Amino acid sequence: MSNATINLMDCGADEFNEHVNADVRGTAPEEISEALRQPEVVERWHNCLLSHKSNVEAQLVHGKAEKAQKFADCVRKGSAGKQEWLDYLAEQQKWRSGAIRFKNGAEVKLVEAKQYLARFASEAPTTQLLLERNAALQRVLALEKGIMNHQEAVTNAPDDDNTDEADEHLWNLVVSN
């Protein structure tokens, strides 16, 4: 694990958001961009991108409502409000285009993050395989213990003693599952 990866996992939400924002804008240092794409970090990166996308969408919706309010305010001012409206429109359009540009960048990075998540998931053992492996391991350990107990019972039995009980116990282990 690289130092940048360690730092990204340890950094707080605000600092992590700054790194993600810089990556979306293409201004992040290369080591930060690479660290965002590491298996340990990629899910956090993906979730942060989703949050940014939702945030920008909410700001765009709020901007429409704000624009309607500003228009009503400027109309009430009559001809004096015309220049104020035009200035507001120019500023609003500049902000809106920047917000859409950022949202599009976040969406591109989101697609990339999803690809990394899918790749890492396909490389990792599935939960079902892990469960099956663990169950098989427990079964092997139980059988091993049963065989060892059987060996001890047979070894310690007097020559004239019947070892049927030890055999029966071992056979029950094999049949029980």
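**A friendly note on the aromatic rings**

1. A good place to begin is Arg44: in this predicted model, the charged end of R44 sits over the ring of F16, at 4.1 Å from the ring's centre.

2. Turning to ring-on-ring contacts, searching the whole structure gives 4 aromatic pairs. One of them joins W45 and Y116 in an edge-to-face arrangement, with 6.5 Å from centre to centre and 65° between the planes. This pair connects distant parts of the chain: W45 belongs to helix α4 (residues 42-76) and Y116 to helix α5 (residues 80-123), and the two are 71 residues apart.

3. Are W45 and Y116 buried or exposed? W45 is buried, as its relative accessible area is 0%. Y116 is partly exposed, with a value of 22% for its relative accessible area.

4. Another pair to look at is F71 with W85, again an edge-to-face pair, with 4.9 Å between the centres and 70° between the planes. Here too the pair links distant parts of the chain, with F71 in helix α4 and W85 in helix α5, 14 residues apart.

5. For the surroundings of this second pair, F71 is partly exposed, with a relative accessible area of 41%. W85 has a relative accessibility of 15%, and it counts as buried because that value is under 20%.

6. Finally, which residues do ring pairs link into a cluster? They are W45, Y116 and F120. When you view this cluster in the structure, you will meet W45 and Y116 again, the edge-to-face partners from point 2.

Definitions and conventions
Residues are numbered from 1 along each chain as its sequence is written. This is a predicted model: local features need pLDDT of at least 70, side-chain atom pairs count only at pLDDT 80 or more; totals for chains, interfaces and linings use all residues. Side-chain values use heavy atoms; hydrogens and water are left out. Rings of Phe, Tyr and Trp (its six-membered ring) pair if their centres lie within 6.5 Å; planes under 30 degrees apart count as stacked, over 60 as edge-to-face and the rest as tilted. Helices (H or I, at least four residues) and strands (E, at least two) are DSSP runs, numbered from the N terminus. Buried means under 20% relative accessible area, exposed over 50%, partly exposed in between (1.4 Å probe, protein chains only). A charge sits over a ring if NZ of Lys or CZ of Arg is within 6 Å of the ring centre and within 35 degrees of the ring normal.
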